[in-house]
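Let's take a friendly walk through the inside of this protein, from its core to its open spaces. Keep the viewer at hand as you read.

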Amino acid sequence: MDFTGIARMVFASRAREIERYNNEAEALQRAALNHLLDKAKDTEYGRKHIFAATRGYEDFVKNTPVNTYEELKGDIDRMRHGESDVLWPGRVKWYAKSSGTTNDKSKFIPVSPDGLKRVHYRGGTDAVVLYLRNNPQSRMFSGKGLILGGSHAPNYNLPGSLVGDLSAILIENINPMVNLFRVPAKETALLSDFEIKRDRIAKEAMTKDVTNLSGVPSWMLSVLNRVMELSGKQHLEEVWPNLEVFFHGGVAFTPYREQYQQLITSPNMHYMETYNASEGFFGLQDDPADKSMLLMIDYDVFYEFQEMGTDNIVPLWGVEKGKNYAMLISTSCGLWRYMIGDTVMFTSTNPYKFIISGRTKYFINAFGEELIQDNAEQGLAYACEKTGAQVLEYTAAPVFMDQNAKCRHQWLIEFSTPPADINEFASILDRKLQELNSDYEAKRYKDITLQPLEIVVARQGLFNDWLKAKGKLGGQHKVPRLSNERKHIEELLALSSEDER
């Protein structure tokens with residue numbers, strides 16, 4: 001039975017609410033801030049920063065400092081030990097385990113009941129709202145959604161308190177009605193061993209009528225390849241003839257797009273990017289023809305933006321198109337003026353639409369070149385287009401000086417389809433990066449500061465083996481794409497060297 005028509009009627013009013021983003025952005029964001037301040041005024045953090053007497057954004061900036069995880073870590077750890085009313089009202093029992101900081105292996109992001117309902121689940125719902133709006137012929141609720149999740153574990157052995165991947169927290173707390181429309185079974189979705197889980201997901205899902213996929217592109221691709229192995233089919237639509245959409249997020253889709261298009265050849269297949277993180281759900285691709293995403297501004301999230309390279313922080317209504325900003329958030333999970341670590345660039349301010357340009361820490365600026373992740377993704381996509389190659393995983397870091405006193409960028413790339421000539425691929429990538437980034441172009445001028453980039457071809461499975469060795473296989477774990485230092489790439493190169501012995 002197809003329930004899509006019912007879903008469309010239920011979601012119609014929400015689609016109209018989202019239309020307010022065009023002309024009421026500032027009012028919606030000021031309302032979000034006032035709501036957060038009112039809810040948290042009697043918490044320890046709220047009393048310390050006089051939320052009760054805070055009147056509007058200007059007071060908020062004056063009374064509340066900018067925070068990184070290090071500044072909030074002590075309060076979060078107290079919350080994890082069971083203390084109530086610290087950063088957000090009540091006791092927070094769930095913590096999303098995210099990649100670490102300079103000083104810690106992992107971050108533990110509070111996920112309050114308000115944050116689940118008014119941020120994370122609202123984002124998932126709006127993804128469907130916008131997809132149905134854009135695709136009137138959709139029948140996605142005639143079958144099931146394949147949703148990938150991570151795993152969770154006890155939090156300090158406190159009753160009912162758990163830490164884990166955000167996706168596991170969402171699956172654990174999801175409305176039971178949703179389980180009627182999703183696979184795999186909950187116990188399979190929450191398995192901790194990704195290799196076992198992948199096999200079980202594939203076996204459970206391949207016999208179902210899957211119409212939609214949700215997950216991180218890299219891990220979903222691994223599951224889908226296992227489905228193909230088990231089914232013996234050539235294309236995925238032979239297994240799931242009604243498959244119509246992949247809601248993807250977590251990592252950039254560009255390196256994986258061509259592989260998905262080869263795996264799924266149906267002209268009826270759609271792709272929709274989402275910006276959901278452990279800290280919140282922030283953006284949705286509302287126009288299939290535009291890769292930028294709509295900033296979701298009526299959730300329990302108040303946004304601020306720091307122009308990269310400056311101390312200038314502005315609210316949403318102060319941003320300008322084309323500038324690179326680090327994003328700060330205040331949310332109903334108790335994160336206040338929190339530097340999330342992502343950088344964004346706005347492509348529109350009516351409504352507010354943006355692209356994720358990279359990470360505040362995932363860039364290379366060893367020689368003044370200021371290479372960001374968006375440059376890398378575009379450069380690789382262009383090199384793949386020109387050579388017929390396909391990139392599976394990659395990371396890049398500077399070589400500060402070799403034995404010949406030469407400096408360059410070193411790229412370690414695992415190809416699913418390697419180029420016929422790796423030197424040609426490297427040359428095309430290098431030229432494209434110069435075209436995309438004037439600072440990189442200046443440093444490459446006549447090879448004076450930077451030599452041509454170097455590509456090291458990684459063996460198949462190297463990046464997965466590295467993640468596995470760190471206990472980070474599956475879930476929402478990601479390979480750092482760009483780094484200003486060589487820690488990650490040296491670990492990968494060392495692992496590769498061990499294989500050759």
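## The nonpolar cores

Which residues of the largest nonpolar core touch the most other members? Please keep in mind that this is a predicted model. The core has 75 residues, and those with the most contacts to other members are Phe 282, Leu 295, Tyr 303, Phe 305, Ile 329, Trp 336 and Phe 346. Its largest share comes from helix 6 (residues 113–134), which contributes eight residues. A second core of 42 residues lies apart from it, with Leu 243, Tyr 260, Trp 466 and Leu 492 among its members. As a general background, nonpolar side chains in soluble globular proteins tend to be buried together.

Ile 329 is a good residue to centre the view on. Beyond its neighbours within four places in sequence, Ile 329 is in contact with Glu 279, Phe 282, Val 301, Phe 302, Tyr 303, Leu 335, Trp 336, Arg 337, Tyr 338 and Ile 340.

## Aromatic pairs

How many aromatic pairs are there? The count comes to 30. One of them joins Tyr 57 and Phe 302: the ring centres are 5.6 Å apart and the planes meet at 45 degrees, so this pair is tilted. Tyr 57 belongs to helix 4 (residues 56–63) and Phe 302 to strand 12 (residues 301–307), so the pair ties together parts 245 residues apart in sequence. Tyr 57 and Phe 302 are both buried.

Tyr 131 and Phe 247 offer another example: with centres 5.7 Å apart and planes at 80 degrees, the pair is edge-to-face, because an angle over 60 degrees counts as such. Tyr 131 sits in helix 6 and Phe 247 in strand 8 (residues 245–248), so distant parts of the chain, 116 residues apart, are linked here. Are these two residues buried or exposed? Buried means under 20% relative accessible area; Tyr 131 has 2% relative accessibility and therefore counts as buried, and Phe 247, at 8%, counts as buried too.

## A cluster and two charges over rings

Tyr 57 and Phe 302 also belong to an aromatic cluster, together with Tyr 45, Phe 51, Phe 60, Trp 88, Trp 317 and Trp 336. Phe 60 has a charged partner as well: Arg 337 lies over the face of its ring, at 6.0 Å from the ring centre. Elsewhere, the charged end of Arg 80 sits over the ring of Tyr 156, 4.2 Å from the centre of that ring.

## Pocket and cavity

Now for the spaces. The second largest pocket holds about 1300 Å³. Its lining is made of 45 residues, and Gly 124, Val 128, Ile 147, Ile 174 and Val 178 lie nearest its centre. Which element gives the most to this lining? Helix 6 does, with seven residues. Other elements that give two or more residues to the lining include helix 1 (4–18), strand 3 (144–147), helix 7 (166–173) and strand 9 (270–277). Helix 7 is mostly covered, with six of its eight residues buried: Leu 166, Ser 167, Ala 168, Ile 169, Leu 170 and Ile 171.

There are also two cavities of 30 Å³ or more, and the largest cavity holds about 90 Å³ of space. Tyr 131, from the edge-to-face pair, is one of the residues lining the largest cavity, along with Leu 130, Asn 134, Asn 135, His 270, Tyr 271, Met 272, Gln 285, Asp 286, Asp 287 and Pro 288. Helix 6 and strand 9 each supply at least two residues of this lining.

Key. Residues are numbered from 1 along each chain as its sequence is written. This is a predicted model: local features need pLDDT of at least 70, side-chain atom pairs count only at pLDDT 80 or more; totals for chains, interfaces and linings use all residues. Side-chain values use heavy atoms; hydrogens and water are left out. A nonpolar core is a set of buried Ala, Val, Leu, Ile, Met, Phe, Trp, Tyr and Cys residues joined through side-chain atoms within 4.5 Å. Buried means under 20% relative accessible area, exposed over 50%, partly exposed in between (1.4 Å probe, protein chains only). Helices (H or I, at least four residues) and strands (E, at least two) are DSSP runs, numbered from the N terminus. Contact means heavy atoms within 4.5 Å. Rings of Phe, Tyr and Trp (its six-membered ring) pair if their centres lie within 6.5 Å; planes under 30 degrees apart count as stacked, over 60 as edge-to-face and the rest as tilted. A charge sits over a ring if NZ of Lys or CZ of Arg is within 6 Å of the ring centre and within 35 degrees of the ring normal. On a 1 Å grid over the protein atoms alone, a cavity is a set of points where a 1.4 Å probe fits but cannot get out, and a pocket is an open set with protein on both sides within 12 Å along at least five of seven lines; lining residues have an atom within 4 Å of a point. Grid points are joined across faces, edges and corners, and a volume is the space filled by probe spheres set on the points.
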